[in-house]
Amino acid sequence: MSGTVKKVTDVAFKVGKNIDWDGMAKLLVSDEARREFSNLRRAFDEVNSQLQTKFSQEPEPIDWDYYRKGIGPRLVDMYKEHYESIEVPKFVDTVTPQYKAKFDSLLIELKEAEEKSLKESERLEKEIADVQELKKKLSTMTADEYFEKHPELRKKFDDEIRNDNWGY
């Protein structure tokens with residue numbers, strides 16, 4: 001097997017093992033997202049499987065003697081000479097360096113968005129808990145208890161009363 005193909009299959013195999021598919025699947029909310037994620041995982045597994053099987057094996061050697069007996073040595077020797085003169089060019093990756101910087105900046109943006117999302121999620125969870133607590137106490141809560149939690153409303157109402165603004 002050529003060194004380049006071996007490296008590609010090894011990298012693909014290692015990357016496949018490092019992906020936390022189950023962890024990512026837990027973050028999905030909608031059924032459509034789960035379907036798309038499932039399709040992505042299936043496609044990744046298929047490509048990885050092909051890399052591990054089809055491209056990781058050495059090609060079977062040609063039995064030149066077998067063909068010499070059936071076709072004739074002169075023609076087979078000519079094919080053998082041309083076959084052995086074929087030089088497969090080495091793969092030189094010129095694309096990855098172009099996109100590496102973009103990918104790294106996207107990762108940074110992703111981390112920032114994740115942090116922002118987690119903070120917003122915490123804030124919303126706290127707000128939900130406050131609203132649920134307020135909902136439970138609302139039927140028995142006095143105005144003074146409510147104004148303790150919302151002093152800005154007490155000030156607003158006091159100002160309206162002081163200025164003789166009764167809302168009509």
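In the predicted model, K155 is exposed, with a relative accessible area of 54%. This lysine takes part in a salt bridge with D159, in which the closest N and O atoms lie 3.2 Å apart. The two residues belong to helix α8, which spans residues 151–162, and because they are four positions apart there, about one helical turn separates them. D159 itself is partly exposed, its relative accessible area being 25%.

D159 also forms a salt bridge with R162, with a separation of 2.6 Å between the closest N and O atoms. R162 and D159 are three residues apart in helix α8, so that about one helical turn lies between them as well. R162 counts as exposed, at 61% relative accessibility. Elsewhere, D65, R68 and D77 are joined into one network by salt bridges that share partners.

In total, the structure contains 13 salt bridges. One of these pairs D22 with R41, and the closest N and O atoms of this pair are 3.8 Å apart. This contact connects distant parts of the chain: D22 is located in helix α2 (residues 21–26) and R41 in helix α3 (residues 31–53), with the two positions 19 residues apart in numbering. R41 is partly exposed, having a relative accessible area of 31%.

Charged side chains also appear in a surface patch. E109, E112, E114 and E115 together form a negative patch on the surface. Of these residues, E115 is placed in helix α6, which covers residues 96–137.

A nonpolar patch is likewise present on the surface, made up of I62, Y66, Y67, I71, L75, M78, Y79, Y83, I86 and V88. The combined accessible area of these residues is about 1,100 Å². Helices α4 (64–70) and α5 (73–85) each contribute at least two residues to the nonpolar patch. The greatest contribution comes from α5, which provides four residues. I86, another member of this patch, is found in the loop between α5 and α6. With a relative accessible area of 57%, I86 is classed as exposed, because this value is over 50%.

How values were computed: Residues are numbered from 1 along each chain as its sequence is written. This is a predicted model: local features need pLDDT of at least 70, side-chain atom pairs count only at pLDDT 80 or more; totals for chains, interfaces and linings use all residues. Side-chain values use heavy atoms; hydrogens and water are left out. A salt bridge is a side-chain nitrogen of Lys or Arg within 4 Å of a carboxyl oxygen of Asp or Glu. Buried means under 20% relative accessible area, exposed over 50%, partly exposed in between (1.4 Å probe, protein chains only). Patches are made of residues with over 30% relative accessible area and no salt bridge: like charges are joined within 9 Å, nonpolar side chains (Val, Leu, Ile, Met, Phe, Trp, Tyr) within 5 Å. Accessible areas come from the Shrake-Rupley method with a 1.4 Å probe; for residues, only the protein chains shown count as cover. Lys and Arg count as positive and Asp and Glu as negative; His and the chain ends are not counted. The place of a charge is taken as NZ of Lys, CZ of Arg, CG of Asp or CD of Glu.
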